[in-house]
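Here are some short exercises to work through with the model open beside you. Try each task first, then follow the solution step by step.

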Amino acid sequence: MKTWLCNSGEKLEIFIPFLGKHRPLLRRSCQTCTPESWNGFYHQRFSSLGFCNAIRVTEEDTRYRGWLVRRVCAFLAVWGWKVPADSPRDLLARICCSKRVQDVTTGQFCSLRGVRKSHWWWKEKICEILAEIQAPLSLLLLRLCHWTLLKLFNCLFLNVQLHRGQLGMVLRAASTPGVPLVFLSMHKSHLDGPLLSFLLFSQGLGVPRVTVGSQLYSPHLQALLSRLGGIFWPWRTEQMLRDQDKQILGAVLATYVEEVLRSQQPLLIILEEPPVTLHLSAPSWEWLALVYRAVQDGAVPDVLLVPVGIAYDVVPDSSHWEAVHSAQPLGLGPCLWAMCQSLQRNLGCVRVDFAQPFSLREFGARNLVRQSSMGKPLEEMLLPTILGTCQLEGKKAEICGPGPATATGLEAEEEMLVTELVLHSLSVLIPASLSPSLADSIACSAVMTVGITSALLLHKHQEGVFLSRLMLDFAWLLEEILLRQHDVGFSGQLRALVQHSLVLLRVHVTLYHLSSVGDVLVVPKASAEAQRELGHYSTAILPVFASEAVGACAICALLREMLPFLRASTRPSSIVLSEDELHHKTLELLQLLPPNLLGLQPCQPLDCRSQDIVDKLLLCGLLKVEEPESKCWVCDFAPQPFRLGMDFSDSDSEDNKVSKRCFKLHEPQGSPGFLLFLCRLLSPTLRTYARAVAFLEQPSWPQPEGAYMEALLQFLAKEEGLGESEWGTHGLSLPFWDRSLALSSLQTFKVMGVLEEMRTPAGSLLQLTQPFQSSASREKLEAFIQQFTQL
């Protein structure tokens, strides 16, 4: 392990990766926004860190030994798990006596007759709201359900891997007196909540209070989940209250969160998106905002946030749960039926990663100071570049704030801070999540075998590949992932890993055993469904190569501009690229794509990202510095600021210290077609954006956002070959990844100034802005996007 100290003061740790039992722990917090948390709870002894299978319970996990114990060891182990903290018994009394609730009820006393009557009326109202939020834990039911979950997970998955170093890091953070833990996870499956609750309970972290999203549940299922630790947003209670009484709902919710944090119960917030907007759903955003308010109001001295990444080989409910996830309340029967259907599939392995805990108070203090230095909005930066009215500037783009349904009581700076917190803490979840719209500075979720194999089949071997060649490319891509300080959720022999991934993808690939050559030909199916599924799994590696992919697309855009001036015999490796031109194209693409889509830090300025991308292209070997013949390049050992590809000239002139560089394309050894592979990683995103531009000509303006999204999804599905009958039968037939890309394009168009929102008595309507009401401007926008697609 080596440590470099940059001029900015940031510590850069460089290590040589290896795929074995012990791998380094790299889930660090953002050094810019939480520098004090950077070294907190971090395990430095990398060689002692291994993995454990959380669902493998043996006799060693109990206090007893013997033949009978080995038969019932799972039940004995679950029965011995401890519950360190629970809700206080006098929770209702604490909420009723809190100053926030007292202020609301006192202000409403004058509207009722008699102080005594109003006191009991408000107490009943508070009891009603609290009953909608939670129920007391049932320890007997809790242990029985977790024993059932242990059996279920052993049937569904081969293993559930946990990093022992990450677990020890979280356990040390949980022992901090007076500072509770809040776990943040991105919704990917209906099993996320039960799985994380089981893991935290089994590893001695207690029974977490798990926030439940906006999905409606039947009364029986909601009662069961409440007794197991689920907490619900009281939508039905809020609808029953009058407008003047809704203040009591916010006061009870805020006080309840404060009491949960004071009792140091672990809180698990599962963040999700609503179906027709790119922002967080209102309950998810509000739970996080309430935690921030509790720290700001001094209810707890601080909160440690722990992003959690879950990586599935195959998402359990990718096909079965979508049918039951609808506007109708979800009941016990559909849940059991979906589980039975999932048992018939081979779901492979699961890897759960805990990122480094970081201080919410420190994050808030530093980001409130940073908000005053925000750069120009995207409308003033990218739009003039597309229309050709001014030059590009490398300032930081404005971060998208919360949706209109979220926390109107927060100040504007607090809204921005909570949104920034979501973008920071959840970029760790992008590699394995179904949604790219929420983004920590280092990816936490591991890459699974299915993601690597799908990326190779879709972006490198679309027409088929021999198994022997696929194994070589699998080993190459695995090494590239580890070199970029991203971990993988598997280990074992190479042939076994590739065969395991092909078994899980057997529905989408065809295998031909060729006895004449002694090999197996692997051919991905040409159906639209197979291509969509492979594309969905391959998105797991996009954040790993996001920087290089952006740089590769920028190189393709430059080559497109040079094509009319090149001879037919000109080789790409002989073309000289200017550093300024490459930076310019990279900035354009960075401003077009949301940073959280690429897993990039939202706190880093775009010009720094552009420089980082060029440096990574040099490191991976796609570019090499072109040395001018008129200059003599000599290595200078004098202390100078570290810079990749710097001109170490023997001249003492200040003007020659940093000279502009030129580059030539270079194909790295052992990585044929690497540039094309990187371009194809971003092709689905850029194609979706380009098709969204073409769709702008079809709707009648203005129209509601929901209607626009529904029509856009139908337009994309029709272009992908889905007929109207299939769309009508299955509803949103596009996979969630494609739907999220469509939502991302909508948000980008709104921030860029292509679409604007009009306030009308009937509600908010979308309308094309004046520059893009002409077809010429829309053609410029589409051409601007298509320049980054592969040649």
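**Exercise 1. Describe how α17 and α20 pack, from geometry to residues.**

Step 1. Find the two helices: α17 covers residues 449-459, and α20 covers residues 528-538. Helices here are DSSP runs of H or I with at least four residues, strands are runs of E with at least two, and both are numbered from the N terminus.

Step 2. Take the angle and distance. The axes of α17 and α20 lie 7 Å apart, and the helices pack at about 125°. Axes are lines fitted to C-alpha atoms, for helices over the stretch in contact, and the angle between N-to-C directions runs from 0 to 180 degrees.

Step 3. Classify the angle. α17 and α20 are therefore oblique to each other. Under 35 degrees counts as roughly parallel, over 145 as roughly antiparallel, 65 to 115 as roughly perpendicular, and the rest as oblique.

Step 4. Add the hand: the crossing of α17 with α20 is left-handed. That means the near helix is turned anticlockwise from the far one by less than a right angle, while clockwise would be right-handed.

Step 5. List the contact, meaning heavy atoms within 4.5 Å. From α17 come V450, G451, S454, A455, L458 and H459, and they meet Q531, L534, G535, Y537 and S538 of α20. By class, this contact of α17 with α20 holds 5 nonpolar, 6 polar and no charged residues. Ala, Val, Leu, Ile, Met, Phe, Trp, Tyr, Cys and Pro count as nonpolar, Asp, Glu, Lys and Arg as charged, and the others, Gly among them, as polar.

A word on the source: this is a predicted model, in which local features need pLDDT of at least 70 and side-chain atom pairs count only at pLDDT 80 or more, while totals for chains, interfaces and linings use all residues. Residues are numbered from 1 along each chain as its sequence is written, and side-chain values use heavy atoms, with hydrogens and water left out.

**Exercise 2. Work out how many residues of α17 are buried.**

Step 1. Apply the cut-offs: buried is under 20% relative accessible area, exposed is over 50%, and partly exposed is in between (1.4 Å probe, protein chains only).

Step 2. Go along the helix. The buried residues of α17 are T449, V450, G451, I452, T453, S454, A455, L456, L457, L458 and H459.

Step 3. Conclude. With 11 of its 11 residues buried, α17 is largely enclosed by the rest of the structure. For the whole chain of 791 residues, the buried share is 56%.

**Exercise 3. Analyse the packing of α11 with α12, then that of α6 with α13.**

Step 1. The axes of α11 (246-262) and α12 (residues 282-296) cross at roughly 65° and come within 9 Å. α11 and α12 are therefore roughly perpendicular to each other, and their crossing is right-handed.

Step 2. L253, A254, V257, E258 and L261 of α11 make the contact with W287, L290, V291 and A294 of α12. The residues of this contact of α11 with α12 are 8 nonpolar, no polar and 1 charged.

Step 3. Look at the spacing in a helix. An α-helix has 3.6 residues a turn, so residues three or four places apart point the same way.

Step 4. Helix α6 (residues 139-156) packs with α13 (residues 332-343) at an angle of about 40°, the axes being 9 Å apart. α6 and α13 are therefore oblique to each other, with a left-handed crossing.

Step 5. In this pair, L152, C155 and L156 of α6 meet M339, S342 and L343 of α13. That contact of α6 with α13 has 5 nonpolar, 1 polar and no charged residues.

**Exercise 4. Place V315 and T748 in the fold, and find what each touches.**

Step 1. V315 sits in the loop between β9 (304-312) and α13. Its relative accessibility is 5%, so V315 counts as buried.

Step 2. Beyond four places in sequence, V315 is in contact with K188, S189, R345 and H536. V315 and K188 are 127 residues apart in sequence, yet 7.5 Å apart in space, C-alpha to C-alpha.

Step 3. T748 belongs to α27 (residues 736-752). At 5% relative accessibility, T748 counts as buried.

Step 4. Not counting residues up to four places away in sequence, T748 touches L592, P594 and Y689.
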